[in-house]
Amino acid sequence: MKDKSLLLSNDVETTSIWFNDLRDETGLKVWKEGMPLLLDLYRKYGIKSTFFYTAYIAELYPEVVKMVLADGHEIGSHGKSHIKENGFDVMPFEKQKRHLDYSKKVLEDISGQEVVSFRSPAIRVSPLTARALIETGFRIDSSIASQRFDFFLSFGGMRKLNFLKTPRLPYRTKKNDIFSKGDSELVEVPMSATLLPFIGSTMRIMPRITGIQQRLLHVETQITGKPAVFVIHPNELIDETDAPRTIKRRSSNQLSYLLSDVIRAKLKARNLGPSAVPLYEEIIKFYVNNGYSTPTMKDYVDKLILDGRV
């Protein structure tokens, strides 16, 4: 029988879904409101998870990092910041390395843990991101969403077409191509997708579709042993609707603004806030009831290596 693993991962940042902008005030709500809801849910089901932090929120509110340590969760890097100009698909190689070095040091200083896992902001990467990660001491990446198609509703949508041809099972990357299987030191753990991403946004916008999706992914796990990798953000569990909504424009291109800002922001407001918690709990219960283990990203990859599966 194939091993069945659920890897729950959390991207922690100052992004406000309600305002479509980065806000320090949102980061405070993430720390005080969103994170406790996630941690309570994980304690309830005995889950170990990986939290990917931007260095920006970690420096702004160090306790948002420290609060997960007592429960044995893993600290991972989500880059230096979530500013769209700092996407790993557009930054040159040396700048990628500087950002990785910076975020790694910040998180290790705060947590006292070695940081070896990475997920890029907005899952934007270039082929050379693999080499940048290797040269800065990272061993694990989870920025690839195999067979995910964003319908051009996100930044870097054209480059994300590479996801359509990436391996579905965890793989060692090529040193100079994060999208391809190779023999480097870096292990890629692809996020789950069935064209649609298996993430909190889809869960909130289309909960019934996500229910079908998780059953399809469950069949795949039974056949191939592929782990289910789900991504949620604690900012999805906070409520900022008491303030009048203004959707910030992040693109000068009219079509990009319409797709990536206006339409996407309106879709992502559905079931935003505490109402997302029971939806997430239903996903967790499905996997727990079906006998899945729930390790951190690092623990999962360590076992893959020990078993000679990558």
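**Entry 1: aromatic pairs.** I searched the whole structure, a predicted model, and recorded 12 aromatic pairs. I then examined F198 and Y287, whose ring centres are 6.5 Å apart; their planes stand at 70°, so I entered the pair as edge-to-face. The two residues link distant parts of the chain, being 89 residues apart. F198 sits in the loop between β12 (196–197) and α6 (200–205), whereas Y287 belongs to helix α9 (residues 276–289). I looked up the accessibility of each partner. F198 has 0% relative accessibility and counts as buried; Y287, also at 0%, counts as buried. I noted further that F198 and Y287 belong to one aromatic cluster, with Y42, F51, Y53, F230, Y280, F286 and Y292 as its other members.

**Entry 2: charges over rings.** I found K80 over the face of Y102, at 4.7 Å from the ring centre. R131 takes such a position over the face of F93, at 4.1 Å from the ring centre.

**Entry 3: R131 and its partner.** I followed R131 further and found a salt bridge with E135, with 3.3 Å between the closest N and O atoms. Both residues lie in helix α5 (residues 129–135), four residues apart, which means a separation of about one helical turn. R131 is partly exposed at 23% relative accessibility, and E135 is partly exposed at 37%.

**Entry 4: salt bridges between the chain ends.** I counted 22 salt bridges in the structure. One of them joins K303 to D3, the closest N and O atoms being 3.6 Å apart. K303 is in helix α10 (residues 297–306) and D3 in the segment before β1 (6–12), so this pair ties together parts 300 residues apart in sequence. D3 also meets R309 in a salt bridge, at 3.4 Å from N to O. R309 lies in the segment after α10, so the bridge to D3 ties together parts that are 306 residues apart in sequence. I checked exposure for these three residues: K303 is partly exposed at 42%, D3 is partly exposed at 38%, and R309 is partly exposed at 40%. Through shared partners, salt bridges join D3, K303, D307 and R309 into one network.

**Entry 5: surface and overall figures.** I located a nonpolar surface patch of about 280 Å², made by I209, I212 and L216; of these, I212 is in helix α7 (residues 207–224). For the protein I recorded 10 helices and 13 strands. It has 310 residues, of which 56% count as buried. The accessible surface comes to about 12900 Å², and carbon and sulfur atoms hold 56% of that area. Among contacts with a separation of 6 or more, 75% are between residues 24 or more positions apart.

Note on methods. Residues are numbered from 1 along each chain as its sequence is written. This is a predicted model: local features need pLDDT of at least 70, side-chain atom pairs count only at pLDDT 80 or more; totals for chains, interfaces and linings use all residues. Side-chain values use heavy atoms; hydrogens and water are left out. Rings of Phe, Tyr and Trp (its six-membered ring) pair if their centres lie within 6.5 Å; planes under 30 degrees apart count as stacked, over 60 as edge-to-face and the rest as tilted. Buried means under 20% relative accessible area, exposed over 50%, partly exposed in between (1.4 Å probe, protein chains only). A charge sits over a ring if NZ of Lys or CZ of Arg is within 6 Å of the ring centre and within 35 degrees of the ring normal. Patches are made of residues with over 30% relative accessible area and no salt bridge: like charges are joined within 9 Å, nonpolar side chains (Val, Leu, Ile, Met, Phe, Trp, Tyr) within 5 Å. Accessible areas come from the Shrake-Rupley method with a 1.4 Å probe; for residues, only the protein chains shown count as cover. A salt bridge is a side-chain nitrogen of Lys or Arg within 4 Å of a carboxyl oxygen of Asp or Glu. Contact means heavy atoms within 4.5 Å.
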